[in-house]
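Colleague: I have the model open and want to go through the sheets and helix packing. Can you start with the terms?

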Amino acid sequence: MSSTINTVAVLGGTGNIGTHIVRGLLVGGFTVTILTRANSSSPRPTFDPYPVRFLEVDYSSPSSLASAFQGQDAVVSTIATGAVQEQKKVIDAAIEAGVKRFVPSEFGVHTRKEGVEKTRLGGLLEGKRAVVDYLIGKEGDISWTGLSTGLFFDSALSKGLAGVNVENGTATIVDSGNELWPASLRSHVGRTVSEILRHPDLTKNQYLATASFNVSQNQLVKLVEELTGKKLEVTHVSSKDLFQQGEEKLKKGDYSAFVEFLQVHFLADGAGNKLAEQESANEKLRLQTEDVKAALRGWLESEGLLAA
């Protein structure tokens, strides 16, 4: 059986990262089908000038999934973290349909990094680890590629996950603010997934890591001030206190604690999660690193926040 991949089904292709993956695949020359939940009210984006097919699927029905996967060479999942265990049924249906490659909903945090499973954040992401373990056990039936990307840079800025709120003119620095952390523009994630599927033999049964760049909070604050012409009001929080805030939320069943644990994971002094060159798949996939200042300028411009 040829390893060449031409047709790709994307689960969650209308979401925060899914739309960027779909566009990356379309630009890469793939024929893309976006699978949506039956009766979903989510708007259907357009990807002009590229045609894309939408198909409603009952995620709880193995036969509905297997039918949707007929003729698909690969399946890319961007299912939300809270529903990742659903992917086991999806994988079984993909195998039944003869799909060659499955890309699970990883992205973000590197869930295979040693020690992550022992952290509070790793505990919340255990479902993702279990799905990759499941794929490893199915390697005789289907190949797979996992991908971690660090924080989605543009999305993190919009949601304040990097501790910087440009619109409000504030920044909350964790510990010293000097810790480097990996970040990827969502467009970069889309290109990376496309290159993974363009080189199926090179990426078969591997967990890869990519990033547009590494950056620190202090570097980000300096660049924001330079590009907006405005000083940010900076406050500080210790990673210990931030972690405790997350713990208090979790005790009350408030899973928005994920945000505090995510910030501790990437921003705390000594976190050690920057993407080292030797650990990056960028060279393997011929992906260029990007310039953080240019990326920030592009985001600020799109939000109308760039200095005149």
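Modeller: Two strands pair if DSSP finds at least two bridges between them. Helices (H or I, at least four residues) and strands (E, at least two) are DSSP runs, numbered from the N terminus. This is a predicted model, in which local features need pLDDT of at least 70 and side-chain atom pairs count only at pLDDT 80 or more, while totals for chains, interfaces and linings use all residues. Residues are numbered from 1 along each chain as its sequence is written, and side-chain values use heavy atoms, with hydrogens and water left out.

Colleague: OK. How many bridges join β6 to β11?

Modeller: Four, and β6 and strand β11 (residues 206-209) run parallel. In that pairing L147 is opposite L208 of β11. Strand β5 (residues 101-103) is also joined to β6, by two bridges and in parallel, with R101 standing opposite S143.

Colleague: And why is β6 largely enclosed?

Modeller: Strand β6 (residues 143-148) has six of its six residues buried, so the rest of the structure largely encloses it. Buried means under 20% relative accessible area, exposed over 50%, and partly exposed in between (1.4 Å probe, protein chains only). Both faces are covered, with S143, T145 and L147 buried on one side and W144, G146 and S148 on the other.

Colleague: Next sheet. What is the strand order in the one with β7?

Modeller: The order is β7-β10-β12, an open sheet of three strands with mixed pairing. The edges are β7 (151-152) and β12 (213-215), each of which pairs on one side only. β7 and strand β10 (residues 181-184) run parallel, joined by two bridges, and F152 is opposite S184 there.

Colleague: Which strands stand at the edges of the sheet with β9?

Modeller: That open sheet has three strands in the order β8-β9-β13, again with mixed pairing. β8 (164-165) and β13 (233-237) are at its edges with a single partner strand each, so one side of each has no neighbour in the sheet. β8 pairs with strand β9 (residues 170-174) over two bridges in the antiparallel sense, and V164 faces A171 in that pair.

Colleague: Which helix lies across β9 and β13?

Modeller: Helix α9 (residues 239-251), running at about 75° to β13. Axes are lines fitted to C-alpha atoms, for helices over the stretch in contact, and angles run from 0 to 180 degrees between N-to-C directions. Contact means heavy atoms within 4.5 Å.

Colleague: Helix pairs, then. At what angle do α3 and α5 pack?

Modeller: About 25°, for helix α3 (residues 87-97) and helix α5 (residues 126-137), with the axes 10 Å apart. That makes α3 roughly parallel to α5; angles under 35 degrees count as roughly parallel, over 145 as roughly antiparallel, 65 to 115 as roughly perpendicular, and the rest as oblique. Q87, K88, I91 and D92 of α3 meet A130, V131, Y134 and L135 of α5.

Colleague: What about α8 and α11, parallel or oblique?

Modeller: Helix α8 (residues 217-228) and helix α11 (residues 292-302) have axes that come within 10 Å and cross at roughly 55°. They are therefore oblique to each other. From α8 the contact involves L220, L223, V224, E226, L227 and T228, and from α11 V292, K293, L296, R297 and L300.

Colleague: I keep clicking on N218. Is that residue buried or exposed?

Modeller: In between: N218 is partly exposed, with a relative accessible area of 30%. Leaving aside neighbours within four places in sequence, N218 is in contact with I173, S176, G177 and N178. N218 and E179 are 39 residues apart in sequence, and their C-alpha atoms are 8.6 Å apart.

Colleague: Same for H265. What does H265 touch?

Modeller: V109, V116, L121, A271 and N273, not counting residues up to four places away in sequence. H265 is buried at 13% relative accessible area and sits in helix α10 (residues 257-267).

Colleague: How many residues of α10 are buried?

Modeller: Nine of the eleven, so α10 is largely enclosed by the rest of the structure. Its buried residues are covered by elements including α4 (120-124), β7, β9, β10, α8 and α9.
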